[in-house]
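Here is a short tour of one protein model, written for someone who likes to check angles and contacts for themselves. Please keep the viewer open as you read.

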Amino acid sequence: MKMAQTDDAYARIDNPDECRALLEQLCERGGAQLEGLAPDNSSVPVLLMEVVAGRRLILDLTTVPAVAAHLEAGQAWRLAGWVAGTQLRSAPLGMWQRLAVAGRVQLACAWPEWLETRHRRSTFRARLNTHMVVDVEVQMGAGDRPFHGRLRDLSLGGCQVELPASAAPDLQVGQDLQRLGLRFPNGQQLELRGQIRHRRLNAGWQTLRFGCAFAALGAADERRLWFYVREIERESARSGMDGDPSRMPSPLFVPAGEAAPGVQRPHGLDYATPMARRLARLAVYLNGLLVQLQQGSEIDPAQLSWHCDFLLGLLHEEREAVLFAVNCLVDDPPLIQHCIAVATRLSDLARSRGLPPDLVKSICACALVHDLGKGLLPPSLVRSDSFDDGQRTAFAQHVPLLRERLVRCKWLAEAVIRGVVEEINERLDGSGYPRGLGAGQLGELARIAAVVDVIDAMGRVRPDRAEQTISSVYRQLIGREGQLDKHWCQYYARHFGLVPIGSLVRFSAGGLGWVERLDRKGAILQVRLTDQPSLRGATLSAPISGSELAALGPIEGIVLPEASD
């Protein structure tokens, strides 16, 4: 590996004390290399073992033993490295002498006549190949859920991290990260702070890569970073496509135990049901679409059309499995979960009313994207637990922000865009937004869309309140008849049941079960038993119905699942 070079001039240092201080730092920090002076020679990583001021340097070449013979034969090489952002190289080294150290290849050389330095922040990044897995935990702030991914490259100034695409809506350019936790296979860990500088999705929208600049690095962190950069390069030279497997592995990459799962697994592979794993494809699309919107793009009409056909096809194929699966998308952002849930239930209601297929498809499409405009607002505004008048006005802008991105989707009926995108947040008493419309100005589609939207939102955590069980939501709807259409609230409860598919219930015999099927009257027909109140990492029983279901006893109540965000 050759060190990054520029045309910047080097400054000569021949003061013995200054030379000693720089070499001692290089010895402590690691990252030393030998650079061959012949045109066809490359650079190799070495360990600067000892600095004997004014007399000699001792280097360990165990990982590159062939170089030792060249040095002893009189070839011209010099020492190079980085010290606190300063590029360092020595005068040509000579008078090499092999030392007798059992199991090691170590040589001593004469003290260099001078050093040269070039002060420039390092832009070199040590890249990890597919065999080198360094786990990364990313956390934006105290109390925020962490994201888990893997390190892709590392330098003194920053790193590049790969995460599941579901993290994309939460990680935006310019955002500060409270914690970047690196964990190497041997168990060594380093925690840093940083700021996101750039991000991009891969071609299939399955993963997100973002570049991060480190913040407030101390001397100890700098030393460790340089050690890690050097060891990554060393391991890459051994395990890469053109590497030399005979080299000794870096201790950093000798596993101390079972490694955490990387992000190469397809998104949704661990979801609880086969239908949830299929529905994860829709979540990948919405995550990627949100990133595109944040980068200024408009919604692509063909992609939106295809994904609507995909969801409606699943509903036609296995309606109850889809209604259950919308509760299983626990690794996706709450915003994405909400959009999929509203689209699924609103489309199912539209189908139950016998609406034409083209109209149902327009309703599905608008519901899928109806809340994505929130991703175009400042994160601090979206996470606020209370609004003043100015913040409330600013928040309401997510509606027109999304509306203007639908300009290319000519196949969507304007009446549907108006009812599902523009008026879903309006209320009968005029207390909604963005226009404060009243009952006489709202059509039937806006009224039913508002009911579906509110019922799902009340079942999820928000900054200003906790999530609620469906029974609690139904009770509260009685007190909101001035805001929401009473007829459609009742129709929703009759259609999906008082204990809808996807509810978690506790039986009198003590078991917990997820409701999977209902009969025509809304009674529970089939459940899946579980030992935990969450679908994240859950193992569900085989379907329980008939006499086995009766043996579980009456339902004691609906249980609030553990939050999935």
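Let us begin in a turn: Trp-205 lies in the loop between E16 and E17. Helices (H or I, at least four residues) and strands (E, at least two) are DSSP runs, numbered from the N terminus. The model is a predicted one, in which local features need pLDDT of at least 70 and side-chain atom pairs count only at pLDDT 80 or more, while totals for chains, interfaces and linings use all residues. Residues are numbered from 1 along each chain as its sequence is written, and side-chain values use heavy atoms, with hydrogens and water left out.

**The hairpin and its neighbours**

Although Trp-205 is not a glycine, its phi is positive, at about 60°. Trp-205 has a relative accessible area of 14% and therefore counts as buried; buried means under 20% relative accessible area, exposed over 50%, and partly exposed in between (1.4 Å probe, protein chains only). The turn that holds Trp-205 belongs to a hairpin of E16 and E17, with five residues between the two strands.

How well covered is strand E17? Strand E17 (residues 207-215) is mostly covered, with seven of its nine residues buried. Strand E16 (residues 189-201) runs antiparallel to E17 and is joined to it by eight bridges; His-198 has Gly-211 of E17 as its bridge partner. Strand E14 (residues 158-164) is also antiparallel to E17, through seven bridges, and Pro-164 stands opposite Thr-207 in E17. Two strands pair if DSSP finds at least two bridges between them.

**An open sheet**

Elsewhere, four strands make an open sheet in the order E4-E5-E9-E8, with antiparallel pairing. Strand E4 (47-52) and strand E8 (97-99) are its edge strands, each pairing on one side only. On average, neighbouring strands of this sheet are turned by 25° against each other, direction ignored. Inside that order, strand E5 (residues 56-60) and strand E9 (residues 106-110) run antiparallel and share five bridges, and Ile-58 finds its partner in Ala-108 of E9.

**Backbone exceptions**

Most residues other than glycine have a negative phi, and most peptide bonds are trans. Against that background, here are three places worth a look.

| Place | Backbone value | Location |
|---|---|---|
| Trp-205 | phi about 60° | loop between E16 and E17 |
| Met-95 | phi near 55° | loop between strand E7 (86-90) and E8 |
| Tyr-433 to Pro-434 | cis, omega near 10° | Pro-434 in the loop between helix H12 (414-422) and H13 |

Met-95 has a relative accessible area of 71%, so this residue counts as exposed.

**Two helices**

How do H13 and H14 pack? Helix H13 (residues 444-458) and helix H14 (residues 470-478) meet at an angle of about 135°, with their axes 9 Å apart. Axes are lines fitted to C-alpha atoms, for helices over the stretch in contact, and angles run from 0 to 180 degrees between N-to-C directions. H13 and H14 are therefore oblique to each other (under 35 degrees counts as roughly parallel, over 145 as roughly antiparallel, 65 to 115 as roughly perpendicular, and the rest as oblique). Val-454, Ile-455 and Met-458 of H13 make the contact (heavy atoms within 4.5 Å) with Ile-470, Val-473, Tyr-474, Gln-476 and Leu-477 of H14.

Ser-471 also has its place in helix H14, and at 24% relative accessibility Ser-471 counts as partly exposed. The C-alpha atoms of Ser-471 and Arg-234 are separated by 60 Å, with their positions 237 residues apart along the chain.
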